[in-house]
Amino acid sequence: MCGIIGIAGTSPVNQLIYDGLLLLQHRGQDAAGISTTNDNQFSMYKAHGLVRDVFRTRNMRSLPGNSGIGQVRYPTAGSSDSIDEAQPFYVNAPFGITFAHNGNLTNTDELREQLFRIDRRHINTNSDSEVLLNVFAHELQLASADHTADHEAIFNAVTALHLRVRGAYAVVAQISGFGMVAFRDPNGIRPLCIGKLESDNGLEWMIASESVALEGSGFSFVRDIAPGEAVFIDESAQLFSQQCAAQAKLSPCIFEYVYFARPDSTIDGVNVYNVRLRMGEYLADKVARELRLSDIDVVMPIPDSSRPAAMELASRLGLEYREGFIKNRYVGRTFIMPGQQVRKKSVRQKLNAMSVEFKGKNILLVDDSIVRGTTSREIVDMARAAGAKKVYFASAAPAVRYPNVYGIDMPTQDELIAHNRTTEEVCREIGADGLVYQDLDDLKRAVMDINPEITSLDSSCFDGIYVTGDIDADYLARLNSKHKKKEKTTSGTGLQLNMGFKDNN
C-alpha cells in the first residue's frame, strides 16, 4: 500500500508534491521520494523515513521543474528494505520515464521472465513496480514507432500492458519531453483521482491516490480515474483520456474504506467517513443481538480510524461514549509496521489508557479490524490493567482469514489470528470477555448504500475470493514460502539522482 502523486503545473512543483505527500503519509511510512523534470532532465531524491524527515532544504532545491511525481512507500510482499526499491523508479528508454506505483502484481515472476527472455530489459530490484515500469516502457517503445509519445501511442501502450499484467496497480508516470500519464488496473482495486487548479499562470493538473491530497493542495476534485482508463496530460496542459481495458469493472478494495484511507477522502464516489458511520450502524445491530447491552457501561474507540464507527454504534444503542485511550501521534500505524515485535512494542508507545475512564466499568472496545491480533491483545490487557471489570471487543470489519495479494502486507495465513479459528477462539486469544465481528454483507452494504453504482468489491481478505481470478492455493503457498525466505537489508542514506535526457532512438 502506497500513496502516489503527480503534478503537471506551471510553476515549481517540488513544494506542492512535498505537501501532497504529507497528506498521504498514512498510506506509507517506510520511504518517500520525489522526481521532477526540467528542460528534459529528471532530478530525483528518495530515502527511508517519513516525508518530513526525508526532505531537507538542499534536497528540495535539487528538484527543479514545473512537473513531477512522488510516492510514500509501505513495503508489500516480496519487497525489501533496500533504498533501491523506494520510488519513483526511472528508465531511460524510450524517452526517459519516471514512475510511481501503488498496488501489487500477481504475475510478477512470469513478467520478469518475459522481460528478460523476450523483451531484453534488465530488472535491477525485486520490486514488482520496476517490473511494471519496464512492461510499460517496452510497450510504449513498440507503440511509438515514429519516436513520438503522443496520446494515441501512450493509450496503445497501456492497452497492451493491461493484456500482460495482472493484479492491482494505480500508476502515475512522467515521460520526458511529452507529459504525464496515469492509469488504473481494469478492476480499479487501488484508488486514483484527478484534480485541477486554475492559477494565474494557467491550468494545472494533479493526480493522487486520495482526494484529500487534491483538496489539501488547493486543487478542485474533478473525478476518479476509471478502472482500465488512462489519462495523459501533455506539456501544454491538454488532457486526453481513454478506456484501455476490454473488460473493465469497478471492484475497489474494501479495506481502503475500513482502514487505509483518510476519513476525509472520497474514493469512487464514496466518502470514507460516511462509510465508517454506516459500519457503526450495522455493527450496533449485531452487538445488540449477540451481547447483553445491560452489561456494557461505556463504548470506547481504538483511535483513530474506528472512531466514527464507535460513535455511531454508541448513539444507535443509547450507550455512553468515552475516549479512554490517548494516542501518541508521533508513532506510526502499527498494522503497516514491518515485524511482529516492532508492532507489539509500538502499541504501548502509541496508546495510553486513562484509568479514570476504565476503573470499575464494563467496556466495549471498537476497532476497525483485527488482523494479526497483536494490537487487540495488548489493548485488552491495557484496559484490564487500567481497572476495567470486563472488556468486550467489537470489530467494524469481518474476520480477516485470507491473505491480501493486492498491496496489503498480510501475505501469510499463519499471521492472521482468525485463520482456522472460530470467533470464540479469537476472543480467547485476545483475552476479551466477548467478541463481535461485522458481517461481510453488512460491510459491503455500508459502501454500496452510499454509491449504489458499485456492485462489486474486492473483499478477498475476508472471503478468499480474488477479483483478478488468478489466485489459487498453489499461488498462496508460493507467496507464503517467499515471504518466509525474504531477507531484509537496511540502508540509512538517501539516493540522489540527476538524469539527463537521452534520445535512445
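Is Tyr45 buried or exposed? Select Tyr45 and have a look: with a relative accessibility of 11%, this residue counts as buried, because the cut-off for that label is under 20%. Keep in mind throughout that you are looking at a predicted model.

**Stop 1: the rings around Phe55**

Leave Tyr45 on screen and add Phe55. The two make an aromatic pair, edge-to-face, with 5.9 Å from centre to centre and 65 degrees between the planes. Tyr45 belongs to strand β3 (residues 41-48), while Phe55 sits in the loop between α2 and α3, so this pair ties together parts 10 residues apart in sequence. Phe55 itself has a relative accessibility of 5%, so Phe55 counts as buried too.

Now add Tyr18. Its ring centre lies 6.1 Å from that of Phe55 and the planes stand at 80 degrees, so this pair is edge-to-face. Colour helix α1 (residues 14-23) to see where Tyr18 comes from; Phe55 is in the loop between α2 (51-54) and α3 (57-61), so the pair ties together parts that are 37 residues apart in sequence. Tyr18 and Phe55 are both buried.

**Stop 2: further aromatic sites**

Which residues form one aromatic cluster? Select Tyr74, Phe255, Tyr259, Phe260 and Phe462 together, and you have it on screen. Counting ring pairs with centres within 6.5 Å, the model comes to 15 aromatic pairs.

Next, pick Lys46 and Phe89. Lys46 lies over the face of Phe89, at 5.0 Å from the ring centre.

**Stop 3: two cis peptide bonds**

Before you check the omegas, some background: most peptide bonds are trans. Step back from Phe89 to Gln87 and Pro88, which are joined by a cis peptide bond with omega of about 10 degrees. Pro88 is placed in the loop between β4 (67-73) and β5 (89-91).

Then jump to Pro303 and Asp304. Here, too, the peptide bond is cis, and omega is about 5 degrees. You'll find Asp304 in the loop between β16 (298-301) and α10 (307-317).

**Stop 4: Val366 and its surroundings**

Select Val366, in strand β20 (residues 362-367). Its relative accessible area is 0%, so Val366 is buried. What is Val366 in contact with, leaving aside its neighbours within four places in sequence? Select Leu283, Val299, Met300, Pro301, Ile302, Ser306, Ala310, Leu313 and Ala394 to see the whole set.

For a distance to draw, try the C-alpha atoms of Val366 and Tyr392: they are 8.7 Å apart, with the two positions 26 residues apart along the chain.

**Stop 5: α9 against α15**

Show helix α9 (residues 272-290) and helix α15 (residues 440-448) as ribbons. They pack at an angle of about 145 degrees, and their axes are 9 Å apart. The crossing of α9 past α15 is right-handed. Turn on side chains for Val275, Arg278, Met279 and Tyr282 on α9, then for Asp442, Leu443, Arg445, Ala446 and Val447 on α15; these residues make the contact. Six of the contact residues are nonpolar and three are charged, with no polar ones.

**Stop 6: two asparagines with positive phi**

Most residues other than glycine have a negative phi. That makes a good reason to open your torsion panel here. Asn40 has phi near 65 degrees, a positive value in a residue that isn't glycine. This residue lies in the loop between β2 (31-38) and β3. With 31% relative accessibility, Asn40 counts as partly exposed.

Now go to Asn420, where phi is again positive, at about 60 degrees, without the residue being a glycine. Asn420 is placed in the loop between β21 (390-395) and α14 (423-430). How does Asn420 count, as buried or exposed? Its relative accessibility is 70%, so Asn420 counts as exposed.

**Last stop: Thr266**

Finish at Thr266, in strand β14 (residues 266-267). At 26% relative accessibility, Thr266 counts as partly exposed. Not counting residues up to four places away in sequence, Thr266 touches Ser211, Asp224 and Asn271. Add Phe221 for one more distance: the C-alpha atoms of Thr266 and Phe221 are separated by 9.7 Å, and the two residues are 45 apart along the chain.

Terms used: Residues numbered from 1 in each chain as written. Heavy atoms only, no water. Axes fitted to C-alpha atoms, helices over the stretch in contact; angles between N-to-C directions. Helix = DSSP H or I, 4+ residues; strand = E, 2+ residues; numbered from the N terminus. Left-handed = near helix turned anticlockwise from the far one by under 90°. Contact = heavy atoms within 4.5 Å. Nonpolar A, V, L, I, M, F, W, Y, C, P; charged D, E, K, R; others polar. Phe/Tyr/Trp six-rings, centres within 6.5 Å; stacked < 30°, edge-to-face > 60°. Buried < 20%, exposed > 50% of the residue type's maximum accessible area, 1.4 Å probe, protein only. Lys NZ or Arg CZ within 6 Å of the ring centre and 35° of its normal.
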